[in-house]
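Q: Please take a close look at one loop residue in this model, and then place it in the wider picture of its chain and its partner chain. Plain wording is fine.

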Amino acid sequence: MEARFAEPSVLILASLSSGPKHGYALIKDIEEIAGTTLGPGTLYGARARLEQRGLVEALPAQDRRRPYRITSAGAEAVRGYLETVQRVAATGLKRLEAYPWPG
Amino acid sequence: MAWLIRFYPRRWRARYGAELEQLVHDLRPTASGVGLAADLVKGALVAHVQQRCDVQASDRKAIKRGALIAGILGLGLAAEILLTNVVFPSKTDDDGILVVISYLCIFAVLFLSGMLAARDGAGRTGQVLAGVTAGVTMGALIIATFAVVDNFWLDVVSQQQTKLDGFAHSGAASMRDYINHSLIGPAVFFTVGLGTFGAVLGGLGGLAGRPAPTEMEPRRRP
């Protein structure tokens, strides 16, 4: 079974790493990069917390759609997190390959 | 569907409501209605819990800052008490204007504590507690200053006419006993009294410092 990575904050930061996006564009981009669909309540809950922590910032609204962009603090935070995940994943996969499975 | 956004906290809606409503409108043609509704309800619950946690953190911050501001003013008042009673002592009670200015500063700080608390998102409890903390802190510093000044510089303070008159009618065994006994009433007034004033003025300052909504509330659908 494939584990789903469902940490909305990380998905939002990873998506915003390619440029500012409003809510709908974020949901569609996250669907593409992670294969998971965030609901609007989940997306805005995470986005509000990220904004409060200074990891994303709002840009001027276009009509009623407000784009957000990642801040330098947000980029640094998500980079550190993803590098750790990458190390853990690489080590875990290597160990799984070397594991002496019975039979 | 967007009517579910009304379940979000008011402050949250003021900031994100219009955007979220637009997003729901954009998603509606392709997304499952039940899924959207469930996610909005879950998001509203999380937002309420989060706001409660944020308010508690803001309350604690407001209380600490109330104590800090009051501490700074309290030190200023302590210096003023030392100057007028020891460095430039007067045998007559002629520091009325300084006393009035001091009280005005105290009340301004109590009001400011509540106002800044509100600006930082503290709830009503945090605003009032910030004022109470500021009042009690200043009261404690003032009475502690008087206790130190009256005991360490008793020879200077005891020359004040009000002290001489009070001692003469008190029946106390010594001037020190009289002065220390006469500090008990002011100790209650300065701590309990200023704490009470702090609650009232902190609350009023909180009303004055409420942040105005920055965004329109989400449109109501007919």
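A: In chain A, the loop between β1 (56–58) and β2 (68–70) contains Asp63(A). The model is predicted, and in it Asp63(A) has a positive phi of about 60 degrees, although Asp63(A) is not a glycine. Most residues other than glycine have a negative phi. As for its surroundings, Asp63(A) has 7 other C-beta atoms within 10 Å and is therefore exposed, since a residue with 12 or fewer counts as exposed.

Now the chain around this loop. Chain A has four helices and two strands. Read from the N terminus, its elements follow the order α-α-α-β-β-α. Chain A has 103 residues, and 31% of them count as buried. Sequence distance can be looked at as well: of the contacts in chain A between residues at least 6 apart in sequence, 47% join residues at least 24 apart.

Next come the buried nonpolar residues. In soluble globular proteins, nonpolar side chains tend to be buried together. Here the largest nonpolar core has 33 residues, and Ile12(A) and Leu13(A) are those with the most contacts inside it. Chain A supplies two or more residues to this core from each of α1 (8–16), α2 (23–34), α3 (40–52) and β2, and chain B does so from α1 and α2. The strand β2 of chain A, which gives residues to this core, is also one of the two strands on either side of the loop with Asp63(A). The element that gives the most to this core is α1(B), with six residues. A second, separate core has 32 residues, among them Ile69(B), Leu77(B), Phe146(B) and Ala199(B).

Back in the largest core, Ile12(A) can be followed one step further. Leaving aside residues up to four places away in sequence, Ile12(A) touches Leu26(A), Ala46(A), Arg47(A) and Leu50(A).

The last part is the meeting of the two chains. Twelve residues of chain A are in contact with 19 residues of chain B. On the chain B side, α1 (10–27) and α2 (33–87) each supply at least two residues. Of the elements there, α1(B) gives the most, with ten residues. Sorted by class, the side of chain B that touches chain A has twelve nonpolar, four charged and three polar residues. The helix α1(B) thus appears twice in this account: α1(B) gives the most to the side of chain B that touches chain A, and α1(B) also gives the most to the largest nonpolar core.

Definitions and conventions
Residues are numbered from 1 along each chain as its sequence is written. Chains are lettered from A and ligands numbered from 1 in the order in which they are written. This is a predicted model: local features need pLDDT of at least 70, side-chain atom pairs count only at pLDDT 80 or more; totals for chains, interfaces and linings use all residues. A residue is buried if 20 or more other C-beta atoms lie within 10 Å of its own, exposed if 12 or fewer, and partly exposed in between; C-beta atoms are placed from the backbone. Two residues are in contact if their C-beta atoms, placed from the backbone, lie within 7 Å. Ala, Val, Leu, Ile, Met, Phe, Trp, Tyr, Cys and Pro count as nonpolar, Asp, Glu, Lys and Arg as charged, and the others, Gly among them, as polar. A nonpolar core is a set of buried Ala, Val, Leu, Ile, Met, Phe, Trp, Tyr and Cys residues joined through C-beta atoms within 7 Å.
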